[in-house]
Amino acid sequence: MSLAEQMDTVTDAAAGTVDRHATTETFESTAPATGAVVGVFPVHGDAAVGATVARARAAAGQWAALGFDGRKQRLTAYRGYLARRMHELADLVHRENGKPHADAILEISLAVDHLAWAAGHARKALGPRRVASGMLAANHASYLEYQPLGVVGVIGPWNYPVFTPMGSIAYALAAGNAVVFKPSEFTPAIGAWLAAAWRAAVPDVADAFQVVTGFGATGAALCRVPVDKLAFTGSAATGRKVMATCAETLTPVLMELGGKDAMIVDDDADVVAAADAAVWGAMSNGGQTCIGIERVYATSAVYDRFVAEVSAQVQKLRPGSDEEATYGPMTMPSQIDVVRRHVADATAAGARVVTGGTDDAGEGYVAPTVLLDVPETSAAVREETFGPTLTITRVADAEEALQRANATSYGLAGSVFSASKDRAMDLARRMRSGMTSINSVLTFASVPALPFGGVGESGFGRIHGEDGLKEFTRAKAITRQRLPLPVNLMSFGRPAGAADALARVMGMVHGRHR
Ligand code: NAD
């Protein structure tokens with residue numbers, strides 16, 4: 001299918017999720033590199049969002065009733081469909097988000113792998129099991145299972161428009177929920193493409209995954225409908241609003257928010273590898289990565305070599321939208337002002353700037369920028385920059401590095417470079433974040449079995465892994481009496497001495513422990 005045909009399909013699909021007559025307002029999605037219109041999409045209001053969720057609710061029963069095997073079969077068909085059309089979807093991601101085609105392929109590959117894992121592990125993580133009943137209920141059998149919630153609303157960002165929402169969508173679907181997804185207003189075509197692909201790959205349960213498009217108000221409508229859980233990925237500022245709206249209907253929320261992730265480079269680190277990872281972690285995707293490295297704390301022993309290596313490596317980077325470009329334009333134009341403010345603020349406070357290959361990166365682009373000697377109080381160290389920038393700070397040792405890495409209101413992820421496994425594991429454990437990669441960056445995101453999520457202002461709850469499946473379920477506990485006991489303690493008919501007998505038994509079993 002050509003890109004033009006595909007765009008017709010996705011636009012039709014987005015419009016087709018609701019009664020066209022109910023939605024008159026539309027908005028354009030434009031390519032950040034050229035300004036060309038990528039697609040025109042409905043601004044779904046309260047009524048349209050309500051109708052979509054009602055359809056999802058009707059489909060949720062059918063989807064849940066398919067059971068683990070039936071759902072796995074359909075999620076497998078969906079993943080196959082995506083895998084066969086990787087280049088087509090990557091073209092769209094390149095156009096609408098701006099990232100290089102190769103990076104889009106990497107992103108889609110991760111999403112496909114997570115789909116496979118979620119579908120393949122749902123039964124083991126969530127299915128019915130017997131648990132030990134314990135001494136007081138020894139005559140009962142006890143059962144635990146994790147049941148779907150119903151309809152999960154997913155609100156997503158634009159920076160990883162396939163991988164990030166799929167972390168919620170795949171796991172929520174595998175757990176037996178229907179999903180309504182509100183993509184970012186900067187990447188609606190990608191969201192609509194994903195839903196159109198679902199309809200094409202899994203027509204018998206098409207309404208189990210639908211999309212609504214629009215701005216913040218459409219997201220707020222999804223919170224208010226209500227849905228049975230709202231999985232939000234975006235900035236901490238919007239996260240607060242989403243929580244407040246969800247509070248109106250007591251809708252539980254999952255919050256995947258921003259970060260200010262740090263890398264620690266210890267005395268014995270492989271400096272060249274650490275620099276390579278820091279540059280990729282900071283600059284890939286134009287730095288628009290929630291788990292991107294924004295700060296490095298390098299010990300005095302390695303600082304000079306590390307700075308020299310990073311400086312040499314950023315010279316090779318060139319933003320652009322051609323095939324050789326290392327990263328693309330800023331997807332959201334207003335983010336350029338945030339990056340400029342952070343850099344200006346840091347230089348005003350005495351920071352030194354090491355800029356990469358293209359000082360004048362062109363309109364819509366930001367040159368790779370490394371900042372040295374930035375005061376810890378400045379915005380470039382404290383706030384999420386979300387651009388191709390990196391601060392590098394000299395510290396006495398790894399302990400000081402850890403202290404500074406943890407001195408942030410965020411706590412999403414981070415990285416430790418050290419040749420000592422024990423030392424690195426100890427630092428990783430004490431890093432105040434949901435995820436840490438040792439001797440690499442971002443790797444945890446590509447391990448489907450590992451949970452993904454933050455602490456502090458980076459949010460709460462987890463996608464990915466067993467935790468990510470359980471996030472979209474409610475635990476259900478059942479006991480079944482197998483045989484009656486001669487003495488039933490939970491009956492008004494119990495004998496007068498039963499409590500004394502119980503106290504004696506408890507004394508014998510537990511009383512000896514001091
Ligand atoms: P954003 O907060 O501006 O928007 C996110 C989504 O929320 C969009 O779909 C938007 O339309 C919607 N929205 C806006 N106002 C709303 C409201 N009042 N009610 C409901 N929905 C509303 O974020 P963004 O600029 O799209 O994404 C960048 C941010 O996302 C960064 O902070 C980044 O770190 C974060 N992020 C986090 C993760 C993670 O997994 N932790 C992953 C990717 C991005």
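Where is the place of Leu250? Keep that question in mind as you browse these close-up views of a predicted model; the last legend comes back to Leu250.

**View 1. The ligand sits in the largest pocket.**
Start with the ligand and its neighbours. A shell of 29 residues surrounds the ligand, and the closest are Lys182, Glu185, Thr238, Leu257 and Glu384. Sorted by character, the residues of this shell are 13 nonpolar, eleven polar and five charged.

**View 2. Polar atoms of the protein meet oxygen atoms of the ligand.**
Have a look at Glu185 here: an N or O atom in its side chain is 2.6 Å from an oxygen atom of the ligand. Thr238 also uses its side chain, with a polar atom that lies 2.7 Å from a ligand oxygen. At Gly156, a polar backbone atom is 2.8 Å from an oxygen atom of the ligand. On its own, the ligand has 860 Å² of accessible area, and the protein covers 90% of that.

**View 3. The ligand lies between domain 1 and domain 2.**
Domain 1 is made of two stretches, 3-257 and 465-473, while domain 2 runs over 261-448. Why does the ligand lie between them? Both domains give residues to the shell around the ligand, so it lies between the two.

**View 4. Two helices and a strand help to build the shell.**
Follow the chain through helix H8 (216-224), strand S8 (229-233) and helix H9 (236-248). Each of these elements supplies at least two residues of the shell around the ligand.

**View 5. A cis peptide bond joins Val225 and Pro226.**
Omega is about 0° for this bond. To find Pro226, look in the loop between H8 and S8. Both H8 and S8 are among the elements that supply residues to the ligand shell.

**View 6. Leu250 has a positive phi.**
Here is the residue from the opening question. Leu250 is found in the loop between H9 and strand S9 (253-256). Its phi is near 50°, a positive value in a residue other than glycine. Helix H9, on one side of this loop, also gives at least two residues to the shell around the ligand.

Methods:
Residues numbered from 1 in each chain as written. Predicted model: local features only at pLDDT ≥ 70, side-chain atom pairs only at ≥ 80, totals over all residues. Heavy atoms only, no water. Near = heavy atom within 4 Å. Polar contact = N/O pair within 3.5 Å; in protein donor to acceptor, adjacent residues only side chain to side chain. Areas by Shrake-Rupley, 256 points an atom, 1.4 Å probe, with all protein chains shown as cover. 1 Å grid on protein atoms, 1.4 Å probe; cavity = no way out; pocket = protein on both sides within 12 Å on 5 of 7 lines; lining within 4 Å. Sits in = over half its atoms within 2 Å of the grid points. Helix = DSSP H or I, 4+ residues; strand = E, 2+ residues; numbered from the N terminus. Nonpolar A, V, L, I, M, F, W, Y, C, P; charged D, E, K, R; others polar. Domains from an automatic or database assignment.
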